[in-house]
Amino acid sequence: MSPTPKTHVLVTGGAGYIGSHAAVALHEAGYAPVLLDNLHNSEMQVVDGVRKLCDHEVPFHAIDVRDASALESLFRDCIEAGNPIQGILHFAAHKAVGESVAHPAMYASNNVGGLGTLLQVASAFDVRNVVFSSSCTVYGEPDVVPVDESTPFQEAESPYGWTKQACERVLKDHAATHVAHRVALLRYFNPIGAHPSALLGELPLGVPNNLIPFLTQAVAGIRGALTVFGGDYPTPDGTCIRDYLHVMDLAEAHVAALRWCFDQTAHTPVVRSFNLGTGQGASVLEVIQAFERATGETVPFTMGERRSGDVVSIWADASRAKEELGWTAERSLEEALADAWRWQQRLKTR
Ligand code: UD1
């Protein structure tokens, strides 16, 4: 189904890192994003960035996805305004592995409970198309790389990982009992980078857990040296390997997945998982070198102990997304790192 000005798409977690970039990609593809976020881990300035890039008033609702009555009002208001929600990109969730170990119930409540509430309300308003923000964490430590979608799930390494596995299961079971529901489960590898305008990017609150925000803050002098977590892994240079993909490539994959949902014609439910990555692994040391090449900056780093819970190596076989969604990651690691650095520089001067 081609987008029309009336194809309104709810973006939960729309003020978050990936949700905000996806909202811009939706707008660029001709859809009308409607942002929802409880602003627990984000700021209104992100919504301002989305609005600047979309060049018009993108609606924003400060709602928690667990608040069923607020969700009902939103869906009803959209119908009454002649703009029914026709699809959902569901990002709203907690995402920090370490925090999930400390607060497993909070993760279950927000990630799994939030999805449950959203699905109950969405079904009541007959919204059938859902694109879900899953993660390669569902695979745990894989026996074979690259991983494709048929790779069996291992025991989740963290409560965060378990919530992603559980949400996928909830979506499959929910769709199975509803006519013509279409669900795309998008398993992201490691999203990095920022919008090339530097109007949007990752906004970590406090000390970043993830590699790229820590690295850029270390280079900017906001943090001390980056600690490389483990140099004695069974990899060519001893550091962990991941599949880093540009957040704009990831954002565009959501548009492709939504279009795929709209294009399904069967009355039977369709649920499909898609790996989203570049298909290339890079070690932590390779990322540091690529950053230095891309920006001309020097990364201060020291070798440290392994971080508990880290998998050694994982990268994607993303051929299903290419064949069925017509999507491939197009931007390079260097481009993503240059964009992340441009965003960090803007943050520093703001
Ligand atoms: C993990 C999950 C991912 C999830 C993300 C959320 C896996 C395979 N991936 O990503 O699904 O969305 O958490 O937070 O489970 N590193 C350092 N120093 C640092 C920070 C990181 O060396 O200061 C290294 C890590 O050891 C790792 C790599 O950088 O090898 C990437 O780490 P990070 O950015 O935290 O992402 P993942 O842990 O891969």
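A polar contact here is a pair of N or O atoms within 3.5 Å; within protein, one must be able to donate a hydrogen and the other to accept it. With that in hand, here are my notes on this predicted model.

1. **A serine turned back on its own helix.** Ser 123 is part of helix H5, which covers residues 104-124. Its side chain comes within 2.8 Å of the backbone oxygen of Leu 119, and that distance qualifies because a polar contact needs N or O atoms within 3.5 Å. Ser 123 has a relative accessibility of 19%, so the residue counts as buried. The cut-off for buried is under 20%, so please read that label with the number beside it.

2. **The shell around the ligand.** The ligand is surrounded by 22 residues, and the closest are Ser 135, Leu 211, Thr 227, Arg 242 and Asp 310. By type, the shell splits into 12 nonpolar, 6 polar and 4 charged residues. Which strand gives the most to this shell? Strand S8, residues 226-229, does, with 4 residues.

3. **Polar side chains at the ligand.** Three side chains are worth displaying here. Arg 242 places a side-chain N or O atom 2.5 Å from an oxygen atom of the ligand. For Arg 307, a polar side-chain atom lies 2.9 Å from a ligand oxygen. Asn 210 has a polar side-chain atom 3.0 Å from an oxygen atom of the ligand. As for cover, the ligand on its own has 740 Å² of accessible area, and the protein covers 90% of this.

4. **Helix H7.** Leu 211, listed among the closest residues to the ligand, also belongs to helix H7, where it is buried. H7 runs over residues 211-219, and 9 of its 9 residues are buried. Polar side chains are included in that list: Thr 216 and Gln 217 are buried in H7, as are Ile 212, Pro 213 and Phe 214. Just after the helix, Gly 221 adopts a positive phi of about 85 degrees.

5. **Aromatic pairs.** The model contains 5 aromatic pairs. One of them joins Phe 291 and Trp 341 in an edge-to-face arrangement, with 5.8 Å from centre to centre and 80 degrees between the planes. Why does this pair link distant parts of the sequence? Phe 291 sits in helix H9 (residues 284-295) and Trp 341 in helix H11 (residues 333-349), so the pair ties together parts that are 50 residues apart in sequence. Both partners are covered: Phe 291 is buried at a relative accessible area of 0%, and Trp 341 is buried at 10%.

6. **A charge over a ring.** Please also look at Tyr 233. Arg 306 lies over the face of this ring, 4.1 Å from the ring centre.

7. **Backbone points to check by eye.** The peptide bond leading from Val 145 to Pro 146 is cis, and its omega is near -5 degrees. Pro 146 is found in the loop between strand S5 (129-135) and helix H6 (159-176). Leu 39 is not a glycine, yet its phi is positive, at about 60 degrees. Leu 39 belongs to the loop between strand S2 (32-37) and helix H2 (44-54). Ala 180, again not a glycine, has a positive phi of about 55 degrees. The loop that holds Ala 180 connects H6 and strand S6 (182-188).

8. **How those two residues are covered.** Is Leu 39 buried or partly exposed? With 27% relative accessibility, Leu 39 counts as partly exposed. Ala 180, in contrast, is buried, with a relative accessible area of 3%.

9. **Two alanines and their distances.** Ala 184 lies in strand S6 and counts as buried, at 0% relative accessibility. Its C-alpha is separated by 25 Å from that of Ser 100, with these positions 84 residues apart along the chain. Ala 102 lies in helix H4, residues 97-102, and is exposed at 54% relative accessibility. How far apart in space are Ala 102 and Pro 159? Their C-alpha atoms are 9.1 Å apart, although 57 residues separate them in sequence.

How values were computed: Residues are numbered from 1 along each chain as its sequence is written. This is a predicted model: local features need pLDDT of at least 70, side-chain atom pairs count only at pLDDT 80 or more; totals for chains, interfaces and linings use all residues. Side-chain values use heavy atoms; hydrogens and water are left out. A residue is near a molecule or strand if one of its heavy atoms lies within 4 Å of it. Accessible areas come from the Shrake-Rupley method with a 1.4 Å probe; for residues, only the protein chains shown count as cover. Helices (H or I, at least four residues) and strands (E, at least two) are DSSP runs, numbered from the N terminus. Ala, Val, Leu, Ile, Met, Phe, Trp, Tyr, Cys and Pro count as nonpolar, Asp, Glu, Lys and Arg as charged, and the others, Gly among them, as polar. Rings of Phe, Tyr and Trp (its six-membered ring) pair if their centres lie within 6.5 Å; planes under 30 degrees apart count as stacked, over 60 as edge-to-face and the rest as tilted. Buried means under 20% relative accessible area, exposed over 50%, partly exposed in between (1.4 Å probe, protein chains only). A charge sits over a ring if NZ of Lys or CZ of Arg is within 6 Å of the ring centre and within 35 degrees of the ring normal.
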